[in-house]
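The following exercises concern a ligand site and some details of the backbone. Please examine the sequence and the structure before reading the solutions.

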Amino acid sequence: MSSLATPATSTPSKGLKGTVKAPGDKSISHRAIIFGAMAEGVTEVTDLLRGADILSTVGAMRSFGAKITEDDKGTWRIEGVGAKGFSSPAEDVDCGNAGTGVRLIMGAAAGYKLSARFTGDASLSVRPMNRILDPLREMGVSAEARTTEAGEPGRLPISLQSSGALKPINYRPPHASAQVKSALLLAGLGSKGITTIIEPVATRDHTENMLRAFGVPVEVKTNSEGNHISVTGPARLKATKIKVPGDPSSAAFPIIAALITPGSDILVENVMMNPTRTGLFDTLNEMGAFLRADNFRKSGGETIADIHVKHSRLNGVTVPESRAASMIDEYPILAVAAAFATGKTLMKGIGELRVKESDRIAATTALLSENGVTVSETQDGMTVTGGAGKPPAGGGTIKTYHDHRIAMSALVLGLASKNPVRIDDAAMIATSFPTFFDLMASLGAHIER
Ligand code: S3P
């Protein structure tokens, strides 16, 4: 725990009530800033997530030459580099806590003639980057990365050098990862020819959708191997207007807080319903949750809806492995819901959780067992035995490992357990959900820092 850590405690709360708006989507916010910085002309972004991760990406894009301002109404204007291209930053590019930021930015930067050195915080500095660097090297980039004391290669800081004349690539990532897909598609824009990424399991398709909005054709063909996603380089992006829809991964916290806290009845507005992101809602429906999506409409090229949630009796389910990509960030908070269900909830094929902001299988297992919930883990799975409606004991003090989703999951558990739940640090919640405390307080949740 650093000296700047802000501990927080949540205490058993009465039914949550009220209407809240989901904050801007983190994935789409990163992309809007990066694509705007690459484009010709001025891109305007509204409803951008003002999270620390996104502000790191804003800083990074400024260091590559984009001019970015925010007006007093919250509209962001990005004057992209256009034909001039990114220039070499004078200083290290600090991507903070943001895996999406650093991976997409390295891909985008690789398409230009430059050199840059990337750094990040303690959590980002131990996350694997060879999943990006290996294919980028195949495309012609030269990259030097740190090897940890434990012998793990491909970690930040990373020095990257590109001639800006890359070879296109035909690549099938070994992990289902939208970050890898996106980084390579962006690098492909700086190559001469067709770059194709083959995805056996579909991951979030925001890069594909947003590239099209910036005037870049993206082709998707599907066969027995999966989706083949192609871009043709060299390609230029043209500035556009982006309205960022609400983040379903953030909406998950008030939604599950309402499902497990008796007497709750809330409405979460502005939730993006892109099918590559809604696996949690399918799972909660299977568990018997009262979850009604209504008022479907378009915003920023995505479908959004308002979700009405009431406290519900939940049943344990087996979450199919094929659904993992569409709810990859939601397993810690699903595990909290599962602690209140009747029966066991099995989560399979989630090995990727071990390389998120923390090892989320280990951190979630510890968070639940410290609060009296029966849970077991395997290398790529978790099983939670629910208390059949009886609240878990709570009373734990949880280590968050710089992981915003572990921190928020623990605080949500404390709203409906018998005793308060404390976390060692809440500061990093601002990476993805800076309004979490105010939003939860407006629903009547008792959380104190
Ligand atoms: C993201 C993709 C996912 C997700 C992350 C955001 C993105 O990571 O966990 O929070 O915006 O592309 P992976 O692609 O590594 O699974």
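**Exercise 1.** State which pocket the ligand takes up, and which elements and domains surround the ligand.

*Solution.* Step 1: the space taken by the ligand is the largest pocket. On a 1 Å grid over the protein atoms alone, a pocket is an open set of points with protein on both sides within 12 Å along at least five of seven lines; a molecule sits in it if more than half of its atoms lie within 2 Å of its grid points.

Step 2: two or more shell residues come from each of α1 (26–38) and α5 (178–188). Helices (H or I, at least four residues) and strands (E, at least two) are DSSP runs, numbered from the N terminus. The largest share, three residues, is that of α1.

Step 3: the ligand lies between domain 1 (8–24 + 245–448) and domain 2 (26–243), because both give residues to the shell. The domain bounds come from an automatic or database domain assignment.

The model is predicted: local features need pLDDT of at least 70, side-chain atom pairs count only at pLDDT 80 or more, and totals for chains, interfaces and linings use all residues. Residues are numbered from 1 along each chain as its sequence is written, and side-chain values use heavy atoms, with hydrogens and water left out.

**Exercise 2.** List the residues around the ligand and identify side chains in polar contact with the ligand.

*Solution.* Step 1: the residues with a heavy atom within 4 Å of the ligand are K26, S27, R31, T100, A176, S177, A178, Q179, R204, I328, D329 and K356.

Step 2: in polar contacts (pairs of N or O atoms within 3.5 Å), a ligand oxygen is 2.7 Å from a side-chain N or O atom of S27. The distance is also 2.7 Å for R31 and 2.7 Å for D329.

Step 3: alone, the ligand exposes 380 Å², of which the protein buries 96% (Shrake-Rupley method, 1.4 Å probe).

**Exercise 3.** Locate the cis peptide bond that ends at P157 and the positive phi of Y401.

*Solution.* Step 1: most residues other than glycine have a negative phi, and most peptide bonds are trans.

Step 2: L156 and P157 are joined by a cis bond with omega about -5 degrees, and P157 belongs to β9 (residues 155–163).

Step 3: Y401, not a glycine, has a phi of about 50 degrees and lies in the loop between β22 (397–398) and α11 (404–416).

Terms used:
Polar contact = N/O pair within 3.5 Å; in protein donor to acceptor, adjacent residues only side chain to side chain. 1 Å grid on protein atoms, 1.4 Å probe; cavity = no way out; pocket = protein on both sides within 12 Å on 5 of 7 lines; lining within 4 Å.
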